[in-house]
Amino acid sequence: MSKTRFVAFATQKGGIGKSTITALVANYFHNVKGYNVAVIDCDEPQYNLADLRDEELELIKSSDYFKAQACEHFKKLGKKSFSVTRSNAVNALDDAETVLNETEVKLDFIFFDMPGTIKSEGVMKTLSQMDYIFVPVSADRFVVESAMSFMQLFHDNFLTQGWSVTKKLAFFWTMVDKRERTSLYDVYEGMFKSLDYSVLNTQLPDSKRFRRELSENRKAVFRSTIFPSDPNLLRGSGIKELSDEICEIIKT
């Protein structure tokens, strides 16, 4: 790739798993697909990703088992873990520029974990400089309406006005319960299609595995900023498929 791609998972509705998805996709790109990535955590003051990194480092520091696991992982991978930078929506682009200037390797992707509301200062300006924006949405009327409101606002005020560099803006389904009627998704997707909004093919299931972090009580990890997701937990999660679909979109 000739340039670093800026990618954001953005929504104006909290509790949809935006930070978790950012961590999992960045992890998969870095540890499995072999890309060099960095993460800018703009979700002030929660800083879920930055806090997760700090917690993992402390756990590795205090555990001989995880120290050995980390050494083995980095030796096999041939590079360090991706960086996680605390920032906010106002300073995110400047901080990303600093990361690009100070990194030891050329970065293929920088993922931005944005605040859960577009009303936060600097959010829309930062999003306008994203090459790709993916909007997680669940089959809930309030979530769908909120996501569509964000999509329309960004499309009408930035994309059509030429004030954004974004090449792709698309929804994708998350927290999918297989027991739900598929007709519900058909109705919503018909509504998206009527408005000419893109929807990714990948759907992420509603699963407790998305909350499984590094722990002394559990050796298998799924959500991590250091270790790759356990293959057994990765299977059926949709993260591989989502990452592959994003790669195909960027390549084309």
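**Exercise 1. The largest cavity**

Task: In this predicted model, find which helix gives the largest share of the lining of the largest cavity.

Solution.
Step 1. List the lining. Leu 24, Asn 27, Tyr 28, Val 32, Pro 228, Ser 229, Leu 234 and Ile 239 line the largest cavity.
Step 2. Assign the share. H1 supplies the largest share of that lining, with 3 residues.
Step 3. Sort by character. The lining holds 6 nonpolar and 2 polar residues, and no charged ones.
Step 4. Add the volume. The largest cavity encloses about 40 Å³ of space. The structure holds 1 cavity of 30 Å³ or more.

**Exercise 2. Two helices that cross**

Task: Work out how helix H1 is oriented against helix H9, and which residues meet there.

Solution.
Step 1. Locate the helices. H1 covers residues 18-31, and H9 covers residues 239-251.
Step 2. Read the geometry. Their axes come within 10 Å and cross at roughly 70 degrees.
Step 3. Classify the angle. Angles of 65 to 115 degrees count as roughly perpendicular. H1 is therefore roughly perpendicular to H9.
Step 4. Find the contact on the H1 side. Ile 21, Leu 24, Val 25, Tyr 28 and Phe 29 take part.
Step 5. Turn to H9. Its partners are Ile 239, Lys 240, Leu 242, Ser 243, Asp 244, Ile 246 and Cys 247.
Step 6. Sort the residues of this contact. They divide into 9 nonpolar, 1 polar and 2 charged.

**Exercise 3. The sheet**

Task: Give the strand order of the open sheet of 7 strands, and name its edge strands.

Solution.
Step 1. Write the order. The strands run E3-E2-E4-E1-E5-E6-E7, with parallel pairing.
Step 2. Look at the ends. Strand E3 (83-86) and strand E7 (198-205) are the edges, and each pairs on one side only.
Step 3. Check the turn. Neighbouring strands are turned by 25 degrees against each other on average, direction ignored.
Step 4. Zoom in on one pair. Strand E2 (residues 37-41) runs parallel to strand E4 (residues 109-113), and 5 bridges join them. Val 39 stands opposite Phe 111 in E4.

**Exercise 4. Helices on the sheet**

Task: State which strands helix H4 touches, and which strands H9 lies across.

Solution.
Step 1. Start with H4 (residues 92-102). This helix packs on the sheet and touches strand E1 (5-9), E2, E3 and E4.
Step 2. Compare directions. H4 makes about 150 degrees with E2.
Step 3. Move to H9. This helix lies across E1, E4, strand E5 (132-137), strand E6 (168-176) and E7.
Step 4. Finish with its angle. H9 runs at about 160 degrees to E7.

Methods: Residues numbered from 1 in each chain as written. Predicted model: local features only at pLDDT ≥ 70, side-chain atom pairs only at ≥ 80, totals over all residues. Heavy atoms only, no water. Axes fitted to C-alpha atoms, helices over the stretch in contact; angles between N-to-C directions. Helix = DSSP H or I, 4+ residues; strand = E, 2+ residues; numbered from the N terminus. Parallel < 35°, antiparallel > 145°, perpendicular 65-115°, else oblique. Contact = heavy atoms within 4.5 Å. Nonpolar A, V, L, I, M, F, W, Y, C, P; charged D, E, K, R; others polar. Pairing = 2+ DSSP bridges. 1 Å grid on protein atoms, 1.4 Å probe; cavity = no way out; pocket = protein on both sides within 12 Å on 5 of 7 lines; lining within 4 Å. Points joined across faces, edges and corners; volume = space filled by probe spheres on them.
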